[in-house]
Structures are given as C-alpha cells and as structure tokens.
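Reader: Before I rely on any label attached to this model, I would like to see each one set against its definition. Could you take me through the terms one by one?

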Amino acid sequence: MNIVDLRSDTVTKPTPEMREAMANAEVGDDVYGEDPNVNLLQETAAEMMGKAAGLFVPSGTMGNLIAVMVHCQRGDEAIMGDKGHTFSFEAGGISALGGVFPHTLPNQADGTLKLDDILGAIRPDDVHHPISKLIILENTQNRCGGVVLSEEYTKVVSKIAHDHDLKLHIDGARIFNAAVALKTSAKEFVKASDSVTFCLSKGLSAPVGSVLCGSREFIDKARRIRKMLGGGMRQAGILAAAGLVALENMVDRLAEDHRRAGELAHGLAKLEGIHFEMGLPQTNMVFPSLGSDVKFKAAELAKKLASEGIKVSAVADRRLRLVTHAWIDDAAVEQTLETFKKVLA
Ligand code: TLP
C-alpha cells in the first residue's frame, strides 16, 4: 500500500542532494566553533533573517526555549498566544527549565493577538507582579490554520514591546511558508523582532535542526544556554550541510505545497459533512472540520484513513489537520481525496 503521510511536515526525509552533502561534509567541533558547515549555516541563516548572528540548535522547541531564557530571568513573564506552540506543545519548558511565567492571550482566528489585549497584559511596575519581559508571536500560526501574520502587524507589536521595554521573539518555525505565501522575503516578516527561530526540518525537509537568530550579544548568551541545556553538538556539520541544501533548494518550492494544500481543501470541501470553519489554507496546512452528519469523530476517522494508507492528525473532537510537504505529490493528493470519499461513504 502506498502510504501518504500528512500528519506533519516534520515527517519529511532528507533529499538525495542533502544525503550527498551530509556524506561529504567537512566537520569540526562546533562547541569550539570549528565546524565549517555549522558556521556557514549560521551566517547564511542570519543573513536570510536580516539579523547579526545565528545559532544552530537541535530543534525548534530548543530554539524557542533558549530565546525565552535569554530575554527573561526566572520569575519574569512572557506574553504569548494560547494556541501558540510555546504555550501548548513545548512541554512547559519555559516554566520548568526557565522559571518563566507564561501570560497567555487568546489567539484570534487570523493568528494574531489583539493589540489591546497585549497592552492590557503588560504589567505596571508593582512588586505584586512578575516583570513583563517578552512577547512571542508565531508565524505562520500553526493551530490557527497555518495562517500568515503580516509584516505591518508584527511591526506594531514590536513597537508596543519596545515602548514598554519588552522584547519580541518570533517563533518562525514556518517563516519561509509565510514568505512564499506573500511572495516576499522572510527578512521582511522578522525585521521588527529581537529574535527569531526557524526550522530546517519541516517543509524544508532537512533531517534535524533549527536556527535561532538575533543580535550578536543575544546569540553569545544563547550559545551558553544551549550548552547548559545539553544542546552543544560536536561534529554537527553533517546536519548543517543538509540545512544549507535546504535553504538553497527547498524554499521556493514551498509554493507547490501551498497549491496542493489548496487542492486538498477544495476537494475535501466537496464531500458531504466536511466544512472549513477555520478557513481555507493560506500555506501548507489544511484543517477540515467534521459536521454532525459525519458518523465518525476525528480520531476514529484518522484511524480508518490510516488503515487505508492515509495518515492525518486528529486535532480536536471533530477536526483534522493535514499538512502538505515535499513528499506529497499530485498523486498523493488524489489518493487522499479518493480515500476520504471511500471512508466517508
Ligand atoms: N510542530 C509540530 C508539533 O510539535 C505540533 C507539528 O507537527 O506542527 N514552533 C512551531 C510553530 C511548530 O509547529 C513546531 C513543531 C515547533 C515550534 C517545534 O519544532 P521541533 O519539533 O523542531 O521542536
């Protein structure tokens, strides 16, 4: 059976070019700063994000955690969306390891946080309160549908942050999807931020790794915290070499994933009982909702689809998530639609 894995773009495997680059990578000890591929990846990433420096980290989760730990001291507060990855899917690391207090605000349907909510969340200087130090935005915003936050919105939030002596971190795990969707460069979206994490191992298909970018001073502190967390890697150039290929070859093609996400959504919308109450995809994520006329709940439907070779995620009682990526071609989209039809019949 041909397996179509739409659970996430994290399931992507390295391309033949990446495997070749990995096999031939010159390496050194990166804790000594001597790995040429890691150094080149960090410089390239920083340049692409318009920041002074970059740091290769094992995962997006670690990149976000390090950013929070650099920007905040123990007992400080970070303001973030209640549907944000840092709040919901990073195992509470900012509290458990950083001692940082999350102040959540409702993510709006378009992925933003209301400006008034942000202003209201920033604490006055009073011994009763934790000190507000950081705002986190996520772009694209995963659980709001892979939606894109505009450059203008980011700029306004940055101004609010800076006017109140806070920093702005962007979880840009899929910032290149945002850039490709709006036909602009990733740099534009993160210009106003103090730091950004982006992932090589999602739509860009590298096997492992993310890059945290910011000012030189920020990255110097981040390097020490990465070491503290056990993320100082040695001959990591093998991984960085794949990351460099990802940045070179895999960014522009994200447009294909977006096109296929749109095709999947349009095909699914034609099926009885399937709705798109969260809206149609802006990037590579498809979130179909199941009406009350569908006899299965999402988890049950996901199980049935998996038994027919189509892997999807159940993200709520009656909602699925399907994510397109480099290993989903037109035939896979077709197979997925046919299988949904069959299972729902
Ligand atoms: N997201 C994964 C799961 O953890 C939910 C997925 O399948 O979407 N920021 C954002 C916005 C993410 O979506 C993810 C991964 C991360 C950070 C964490 O990246 P990793 O998995 O590298 O730690």
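The exchange below takes up the domains, their interface, the ligand, a salt bridge and some backbone features.

Author: The model is a predicted one, in which local features need pLDDT of at least 70 and side-chain atom pairs count only at pLDDT 80 or more, while totals for chains, interfaces and linings use all residues. Residues are numbered from 1 along each chain as its sequence is written, and side-chain values use heavy atoms, with hydrogens and water left out.

Reader: What makes domain 1 and domain 2 separate entries in the domain assignment of the chain?

Author: The bounds come from an automatic or database domain assignment, and that assignment gives residues 12-249 to domain 1 and residues 253-344 to domain 2. The C-alpha centres of domain 1 and domain 2 lie 28 Å apart.

Reader: How do you know which residues of domain 1 are in contact with domain 2, and how many are there?

Author: Contact means heavy atoms within 4.5 Å, and by that rule 21 residues of domain 1 are in contact with 15 residues of domain 2. Buried area is the accessible area (1.4 Å probe) that two parts lose on being put together, summed over both, and for this pair of domains it comes to about 1,500 Å², with 59% of it on carbon and sulfur atoms. On the side of domain 1, Arg143, Gly145 and Asn177 lose the most area to domain 2, together 30% of what that side buries.

Reader: What does the rule for salt bridges find across the interface of domain 1 and domain 2?

Author: A salt bridge requires a side-chain nitrogen of Lys or Arg within 4 Å of a carboxyl oxygen of Asp or Glu, and across this interface the rule finds zero. The structure as a whole holds 22 salt bridges.

Reader: Why is the pair of aspartate 30 and arginine 226 called a salt bridge?

Author: Their side chains meet at 3.4 Å, N to O, which is within the 4 Å limit, and therefore the pair qualifies. Aspartate 30 lies in the loop between α1 (16-24) and α2 (36-49) and arginine 226 in helix α10 (residues 216-228), so the pair ties together parts that are 196 residues apart in sequence. Helices (H or I, at least four residues) and strands (E, at least two) are DSSP runs, numbered from the N terminus.

Reader: What makes a residue count as one that surrounds the ligand, and which are the closest?

Author: One of its heavy atoms must lie within 4 Å of the molecule; 14 residues surround the ligand, and the closest are Ser8, Thr61, His85, Asp171 and Arg174. A polar side-chain atom of serine 8 lies 2.7 Å from an oxygen atom of the ligand, and for a polar side-chain atom of histidine 85 the distance to a ligand oxygen is 2.8 Å. In glycine 60, a backbone N or O atom lies 2.8 Å from an oxygen atom of the ligand.

Reader: What is notable about the backbone at threonine 140 and alanine 91?

Author: A cis peptide bond joins asparagine 139 and threonine 140, with omega at about 0°, and threonine 140 is found in the loop between β5 (132-138) and α7 (151-163). Alanine 91, although not a glycine, has a positive phi of about 55°, and its place is in the loop between α4 (85-88) and α5 (93-96).

Notes:
Polar contact = N/O pair within 3.5 Å; in protein donor to acceptor, adjacent residues only side chain to side chain.
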